[in-house]
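This report examines one protein chain through its helices, strands and side-chain contacts. Please read it alongside the sequence and the coordinates.

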Amino acid sequence: MTPLDDFLPLIRGRLPGCPETLLRDAALAAAIEFCKRTQLLTQTVEVEVVAGEPAVTLYPDSDVHWEVLDVRRGPSPLTGLNRREFILQNLGQDAGKPGYYYLEGDRTLVLGPLPDANETLSALVTLRPKDTATRLDDVLYSDFREVIAAGARAWVRRNHGEWSEPSLEGQDRQLFENAIHNQNIRRARGGAGVALR
């Protein structure tokens with residue numbers, strides 16, 4: 001994990017006189033947004049299902065769980081639904097092997113049908129830094145430090161009038177948005193450069 005302070009020299013040079021606490025807040029805000037929008041950080045977590053209990057709380061090892069990409073029973077995937085569809089299909093009423101799920105709140109996985117046995121499923125979840133993080137995943141620094149710094153500078157210029165400069169904010173924001181777009185394209189191609197269909 002890389003200290004948040006390692007990003008500050010990359011941000012500070014173009015925001016003279018900006019307090020370090022504000023620079024830290026900006027770096028963290030940019031890192032959180034980048035992770036949310038790119039699904040850069042993922043982790044597979046175990047989902048301990050208890051018979052008769054439809055809701056399971058997800059606990060990633062670090063950071064904060066953001067969204068569920070996949071839930072599996074061994075090699076077989078469960079089907080993700082939105083809450084409304086789940087309720088309309090009465091999936092929380094009958095008992096059986098769960099085949100469907102939706103995410104309620106920020107980390108509660110709701111399964112349907114109601115589990116009829118204890119079992120362990122696996123879930124692939126995306127992560128984002130905690131709102132109080134002082135350290136960030138190393139890949140954010142090693143591969144995306146300039147991008148995070150640009151997003152942080154744009155955040156400061158947008159939210160704090162003393163450093164407002166629309167043309168520089170626009171340049172930094174464009175760099176940040178382009179990096180998000182490029183990372184999403186790379187992920188869609190599986191990191192292998194295959195053509196999108």
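The following sections treat the helices, the aromatic pairs, the strands and selected individual residues. The model is a predicted one.

**Helix α6 and its surroundings**

Helix α6 comprises 23 residues, from 166 to 188. The distance from its first C-alpha to its last is 32 Å, close to the 33 Å expected at 1.5 Å a residue. Seven positions may be named as its buried residues: Glu169, Asp172, Arg173, Phe176, Ala179, Ile180 and Gln183. The cover over these buried residues includes α2 (20-38) and α5 (145-159). After α6 comes Gly190, which has a positive phi, near 75°.

Helix α2 also holds Ala27. With a relative accessible area of 0%, Ala27 is buried. Leaving aside residues up to four places away in sequence, Ala27 touches Leu4, Phe7, Ile11, Ile148 and Ala152. Between Ala27 and Leu91 there are 42 Å in space, C-alpha to C-alpha, and 64 residues in sequence.

**Aromatic pairs**

Across the whole structure, a search finds four aromatic pairs. One of them joins Phe7 and Tyr141 in an edge-to-face arrangement, with 5.3 Å centre to centre and 85° between the planes. Phe7 belongs to the loop between β1 (2-3) and α1 (8-12), whereas Tyr141 belongs to helix α4 (residues 138-142), so this pair ties together parts that are 134 residues apart in sequence. The two partners are not alike in accessibility: Phe7 is buried at 0% relative accessible area, while Tyr141 is partly exposed at 25%.

A further pair, Phe34 with Phe144, is tilted, its centres lying 4.9 Å apart and its planes 45° apart. Phe34 is part of helix α2 and Phe144 is part of the loop between α4 and α5; the pair therefore ties together parts that are 110 residues apart in sequence. Phe34 counts as buried at 0% relative accessibility, and Phe144 counts as buried at 12%. Ring pairs also bring in Phe176, linking Phe34, Phe144 and Phe176 into a cluster. Phe176 is one of the buried residues of α6.

The ring of Tyr141 has another partner as well. The charged end of Arg145 sits over this ring, 5.1 Å from its centre.

The table sets out the two pairs described above.

| Aromatic pair | Arrangement | Centre to centre | Angle between planes |
|---|---|---|---|
| Phe7 and Tyr141 | edge-to-face | 5.3 Å | 85° |
| Phe34 and Phe144 | tilted | 4.9 Å | 45° |

**Strands β2 and β11**

Strand β2 spans residues 41-49, and its side chains alternate between two faces. On one face are Leu41, Gln43, Val45, Val47 and Val49, which are buried; on the other are Thr42, Thr44, Glu46 and Glu48, which are not. Strands β2 and β11 run antiparallel and are joined by nine bridges. Within this pairing, Val49 stands opposite Glu119 in β11.

Strand β11 (residues 119-128) also contains Arg128. The relative accessible area of Arg128 is 11%, so this residue counts as buried, the limit being under 20%. The side chain of Arg128 makes a polar contact of 3.0 Å with the side chain of Asp131.

**The four-stranded open sheet**

Four strands make up an open sheet of mixed pairing, in the order β3-β9-β8-β6. The edges are taken by β3 (55-57) and β6 (79-80); each has a single partner strand, so one side of each is left without a neighbour in the sheet. Strands β8 (residues 100-104) and β9 (residues 108-112) pair in the antiparallel sense over five bridges. Tyr102 stands opposite Val110 in β9.

Gly112 also lies in strand β9. Its relative accessibility is 0%, and Gly112 therefore counts as buried. Which residues does Gly112 touch, not counting residues up to four places away in sequence? They are Phe86, Leu91, Pro98, Gly99 and Tyr100. The C-alpha atoms of Gly112 and Gly99 are separated by 6.2 Å, although these residues are 13 residues apart along the chain.

Conventions. Residues numbered from 1 in each chain as written. Predicted model: local features only at pLDDT ≥ 70, side-chain atom pairs only at ≥ 80, totals over all residues. Heavy atoms only, no water. Expected span 1.5 Å × (residues − 1). Buried < 20%, exposed > 50% of the residue type's maximum accessible area, 1.4 Å probe, protein only. Contact = heavy atoms within 4.5 Å. Phe/Tyr/Trp six-rings, centres within 6.5 Å; stacked < 30°, edge-to-face > 60°. Lys NZ or Arg CZ within 6 Å of the ring centre and 35° of its normal. Polar contact = N/O pair within 3.5 Å; in protein donor to acceptor, adjacent residues only side chain to side chain. Pairing = 2+ DSSP bridges.
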